[in-house]
Amino acid sequence: MAASLFRVDLRGADLTDATLVHNSFRVTVDDATVVRGLSGTVFGPITVAAGESL
């Protein structure tokens, strides 16, 4: 709840069934990031990295 995640690399993270409540994000995700069942409210940019390595 109300977390601020700035410059966080979530590539490959499993966020299955996570609930977000008024979170501020500036994160990077990729096609390996699992968001199945993710719900809630997020403010900020989420960058989707394609074809990039860690």
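**Exercise 1. Charges and overall build**

How far apart are the mean positions of the 4 positive and 6 negative charges of the protein? Then describe the overall build of the chain.

*Solution.* Keep in mind that you are working with a predicted model.

- Step 1: Average the positions of the 4 positive charges and of the 6 negative charges; these two mean positions lie 9 Å apart.
- Step 2: Turn to the secondary structure. There are four strands and zero helices, and the order along the sequence reads β-β-β-β.
- Step 3: Look at the dimensions. Along the principal axes, the C-alpha atoms fill a box of roughly 30 × 20 × 10 Å.
- Step 4: Compare with a compact globule. The radius of gyration is 11 Å, which agrees with the value near 10 Å for a compact globule of 54 residues.
- Step 5: Finish with the surface. The accessible surface is about 3,900 Å², and carbon and sulfur atoms hold 54% of that area.

**Exercise 2. Placing Val 27**

Is Val 27 buried or exposed, and which residues does Val 27 touch beyond four places in sequence?

*Solution.* Let's start with the strand and work outwards.

- Step 1: Find the residue. Val 27 sits in strand E2, which covers residues 19-30.
- Step 2: Check its accessibility. The relative value is 2%, and the cut-off for buried is under 20%, so Val 27 counts as buried.
- Step 3: List its contacts. Leaving out residues up to four places away, Val 27 touches Leu 5, Val 8, Leu 10, Pro 45, Ile 46 and Thr 47.
- Step 4: Take one of these partners, Ile 46. The two residues are 19 apart along the chain, and their C-alpha atoms are separated by 5.1 Å.
- Step 5: Place Val 27 in the core. The largest nonpolar core has six residues: Leu 10, Ala 13, Leu 20, Phe 25, Val 27 and Val 29. In soluble globular proteins, nonpolar side chains tend to be buried together.
- Step 6: For the whole chain, 20% of the 54 residues count as buried.

**Exercise 3. Leu 5 and Ala 3**

Which residues does Leu 5 touch beyond four places in sequence, and which does Ala 3 touch?

*Solution.* Take the two residues in turn.

- Step 1: Leu 5 belongs to strand E1 and has 29% relative accessibility, so Leu 5 counts as partly exposed.
- Step 2: Leu 5 touches Ser 24, Phe 25, Arg 26 and Val 27 when residues up to four places away are set aside. With Ser 24, 19 residues along the chain, the C-alpha separation is 6.2 Å.
- Step 3: Ala 3 lies in the segment before strand E1 (4-9). At 30% relative accessibility, Ala 3 is partly exposed.
- Step 4: The contacts of Ala 3, with the same four-place exclusion, are His 22, Asn 23 and Ser 24.
- Step 5: Now compare sequence and space for another pair. Ala 3 and Ser 39 are 36 residues apart in sequence, and their C-alpha atoms are 15 Å apart.
- Step 6: For the whole chain, among contacts with a separation of 6 or more, residues 24 or more positions apart account for 6%.

**Exercise 4. Two backbone angles**

What is the phi of Ala 2, and where is Ala 2 found? Do the same for His 22.

*Solution.* Most residues other than glycine have a negative phi.

- Step 1: Ala 2 has a positive phi, near 55°, and is not a glycine. Ala 2 lies in the segment before E1 and is exposed, with a relative accessible area of 57%.
- Step 2: His 22 also has a positive phi, about 55°, without being a glycine. His 22 is part of strand E2.

Note on methods
Residues numbered from 1 in each chain as written. Predicted model: local features only at pLDDT ≥ 70, side-chain atom pairs only at ≥ 80, totals over all residues. Heavy atoms only, no water. Helix = DSSP H or I, 4+ residues; strand = E, 2+ residues; numbered from the N terminus. Buried < 20%, exposed > 50% of the residue type's maximum accessible area, 1.4 Å probe, protein only. Contact = heavy atoms within 4.5 Å. Core = buried A, V, L, I, M, F, W, Y, C linked by side-chain atoms within 4.5 Å. Rg over C-alpha atoms; globule rule 2.2 N^0.38 Å. Areas by Shrake-Rupley, 256 points an atom, 1.4 Å probe, with all protein chains shown as cover. Lys, Arg positive; Asp, Glu negative; His and termini not counted. Charge placed at Lys NZ, Arg CZ, Asp CG, Glu CD.
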